[in-house]
Structures are given as C-alpha cells and as structure tokens.
Amino acid sequence: MNEIIEFIKKSPKAELHLHIEGTLEPELLFKLAKRNNIKIPYLNIAELKSAYNFTDLESFLNIFYQGSKVLIKEQDFFDLTWSYVLKCREDNIVHTEIFFDPQSHVNRGVNFNLVINGIYNALEKANKEFGLTSKIIMCFLRHLDESSALEILDQALIHKDKIVAVGLDSSEIGHPPRKFERVFKKAIEKGFLTVAHAGEEGPPEYIWEALNFLKVRRIDHGVQCFKDEQLVQKLIKEQIPLTVCPLSNIKLRVFNKLQDHNLKKMLDRGLMIMLNSDDPAYFGGYINKNYIESQKALNLSLKEVKTIIINSFKSSFLDQKKKEEWISQI
Ligand code: HPA
Ligand code: ZN
C-alpha cells in the first residue's frame, strides 16, 4: 500500500487537464485583490473557502469567474502560473499542458497579450530553472457564441508560437460542441491541435460531436461515455485519450464519492485514461492527491497506477522520442 503511494509521489507524471485560473489559491486571490484594489465579497480566506461548496458545474463556474477578476496585470498572470509550476515540482509533474480562458479576461478589459505573456514567461522560467516542459491550450467559452470565439482566435494568431491547441470549456449542458464547428475548423487550418470538454455532465452525444465536428485529439473528462456502448467501443479502438479529473468530479457531484467513480472501470475496459487536477485550488488537491485518493478509494494496483502514468505521457502533445524517454523511466 505505502509502496504504491511512494511510487505515485516519486514517479514523473504529465498533467493534461489543468485550468491555470483554477490554480488561484485563496491566499493569492486576496493578495492580488489588495494589490489591484479590487473589492471581493468575502471578508477573509475562511469565508471565501466556505463558498467552495458546489452542487454542480454551473455553481462552481460562478465562483471561478468571480475569482479570476483579481487577475489584471501581466505580473498577476506570471505569479499565478509561477505558483502552479512550483506545485508541479513538488508533485513531480515533468510535463504539463495547461488551459487558459482569454475571453474571461479580454471581456472585462484585460489585454490578451499581457495574459499570454504572463503565463508563458513563468512557464519558460520553470523550464530553465528545473526543466519542466509545457504546452499552452487556449479554451473558448462555450456559453458565449461562436462569433466571440472567432474574434479571440484572431487575437491568438500572433501568439501561434506560444499556443499549441484550442479547447472548449465552461457550461456544458445546452452548449453542444457542434455550435463551434466553424471556429475549430479555422483553428485546424491555422495549425492548432484541438481538444474539448465533453461528457463531464453532458450526454455522450456531445462526445460524438466533439470527435466528428471538432476533430478533437483528446476528450476532456468523457466520464459519461458508458451511457453509449458504441461510443465506448470507438474510444477503445482508436485509443482516444480521456483526461479524467477525479476530485473535480466529486466536488461538482458528477459522482457522489470516489468509490463510485468509474475510472477503474474505464481502465478495465482498456480506455486511454489518465488523472488530472482540473481546478486544484477549488477542488481540494493537485495531481498527487488525485492519484493517491483514487488509488485508495478504488484499490488500484501498482500495475494500474503505472498504466495511468504511462498513459499521461502517451496522450500528451510531446513528440514521440520525448514520450518514449519518459515512459522508459516509469
Ligand atoms: N469544466 C468546464 N469548464 C471549466 C472547468 C470545468 O471543470 N474548469 C474551468 N472551466
Ligand atoms: Zn476542465
């Protein structure tokens, strides 16, 4: 038992589903609110944390977007990202692929360039100082319309050297992936890779749509896939990665408790899954906690843990040689 937990802690890992705005810890949130003179409706950290009692995705997103409002200057985005990369070092994440939500910043008057530069410079510094490698994925907010996504894609083009992929996040139900078919087509033409949140709360049809209309390389979450056996067969056959986020799913009540999570069943069926922390400052833990709590709740064997970690590299956007180098160390 302890041997498995030690293995989890020490093993190099890749993280593929992480919203950088979701790493904003209450302490930094308060610090930035003060620095930028922004009023927040909580008296102290304890009061803020007591609001982190979510009933579903929507109830979380309200708090999440409110929290992001303290991010104004390039230095704020740098500090946010720097805090996260230190967690990567602590948890032995050696490669990370992070999301950011530019529309949630640009739409309140924050300049796109300063957002991307703050994030990128912190990632570059981490690479130089301790070898962390990373990729940046720009997400479109699906509760907004496609024309807004097309506008933000235009702004991203001059940063094509810093952004490798586009994704789709925010409120899922009522916002099917096909709503974004044109913007994803344009992104692919411009050379971006694609991913999308699908089947977190929404139906398996949304996973089909993400695959067929958005041509995604990975599905973020995907835990609702078992409602459609034909879909499961396709995901297994094509080894399409599903970026599973166990603690997130409990906090947002997709499953009642970790013991009920279907990640072991996914593994048993041969689906290409790995574990991720999603919005760790809001969901109670970074990547090692996601692995350790899942291992305990579902009694995962050392072999199963190794498979999940190997999958994290296999499913990444690293080149084949780099993937093989990391996998040989697991
Ligand atoms: N789901 C959808 N959108 C999000 C999430 C999530 O878990 N976190 C931040 N934006
Ligand atoms: Zn997410």
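Asp101 sits in the loop between strand S2 (93–100) and helix H6 (102–106), and in this predicted model the residue is buried yet has no salt bridge, the nearest side chain of opposite charge being Arg108, 10 Å away. Leaving aside residues up to four places away in sequence, Asp101 touches Glu21, Phe64, Tyr65, Cys139, Leu141 and Asp169. Glu200 is likewise described as buried and without a salt bridge, and a polar side-chain atom of Glu200 lies 2.9 Å from a nitrogen atom of ligand 1. The points below take up Glu200, the ligand, the salt bridges, and some further details of the backbone.

**Glu200, a buried acidic residue**

- Glu200 belongs to the loop that runs between strand S5 (193–198) and helix H10 (204–212).
- For the buried Glu200, the nearest side chain of opposite charge is that of Arg142, which is 6.8 Å away, whereas a salt bridge would require a side-chain nitrogen of Lys or Arg within 4 Å of a carboxyl oxygen.
- The contacts of Glu200, not counting residues up to four places away in sequence, are with Leu57, Glu172, His221, Gly222, Val223, Gln224, Ser248, Leu252, Val254 and Asp278.

**Surroundings of ligand 1**

- The residues that surround ligand 1 are His19, Leu57, Phe60, Leu61, Phe64, Asp169, Ser170, His197, Glu200, His221, Asp278 and Asp279.
- Asp278, which is listed among the contacts of Glu200, places a polar side-chain atom 2.8 Å from an oxygen atom of ligand 1.
- In the case of His19, an N or O atom of the side chain is 3.4 Å from a nitrogen atom of ligand 1.
- Taken alone, ligand 1 exposes 260 Å², and the protein buries 100% of that area.

**Salt bridges**

- How many salt bridges does the model contain? The count comes to 17, and among them are the pairs and the network described in the following points.
- Glu6 forms a salt bridge with Lys10, with the closest N and O atoms 3.9 Å apart, and the two residues both lie in helix H1 (residues 2–10), four residues apart, or about one turn of the helix.
- Within this pair, Glu6 is partly exposed because its relative accessible area is 37%, whereas Lys10, at 62% relative accessibility, counts as exposed.
- Lys185 and Glu189 also form a salt bridge, their closest N and O atoms being 3.3 Å apart; both residues lie in helix H9, four residues apart, about one turn of the helix, and both are exposed.
- The side chains of Asp154 and Lys186 meet in a salt bridge with an N to O distance of 3.1 Å. Asp154 lies in helix H8 (residues 146–156) and Lys186 in helix H9 (residues 181–189), so this pair ties together parts that are 32 residues apart in sequence.
- Asp154 has a relative accessible area of 43% and is therefore partly exposed, and Lys186, at 25% relative accessibility, also counts as partly exposed.
- Arg35, Asp76 and Asp79 are linked in a network of salt bridges.

**Residues with a positive phi**

- Most residues other than glycine have a negative phi.
- His221, a residue other than glycine, has a positive phi near 80 degrees; His221 is placed in strand S6 (residues 218–221) and, at 0% relative accessibility, counts as buried.
- His221 is also one of the residues surrounding ligand 1 and one of those that Glu200 touches.
- Arg253 has a positive phi of about 60 degrees although it is not a glycine, and its place is in the loop between helix H12 (246–251) and helix H13 (263–268).
- Is Arg253 buried, partly exposed or exposed? With a relative accessible area of 48%, Arg253 is partly exposed.

**Helix H17**

- Glu324 is found in helix H17 (residues 320–327) and, at 48% relative accessibility, counts as partly exposed.
- The C-alpha atom of Glu324 is separated by 9.5 Å from that of Ile310, and the two residues are 14 residues apart along the chain.

Conventions: Residues numbered from 1 in each chain as written. Chains lettered and ligands numbered in written order. Predicted model: local features only at pLDDT ≥ 70, side-chain atom pairs only at ≥ 80, totals over all residues. Heavy atoms only, no water. Buried < 20%, exposed > 50% of the residue type's maximum accessible area, 1.4 Å probe, protein only. Lys, Arg positive; Asp, Glu negative; His and termini not counted. Contact = heavy atoms within 4.5 Å. Near = heavy atom within 4 Å. Polar contact = N/O pair within 3.5 Å; in protein donor to acceptor, adjacent residues only side chain to side chain. Areas by Shrake-Rupley, 256 points an atom, 1.4 Å probe, with all protein chains shown as cover.
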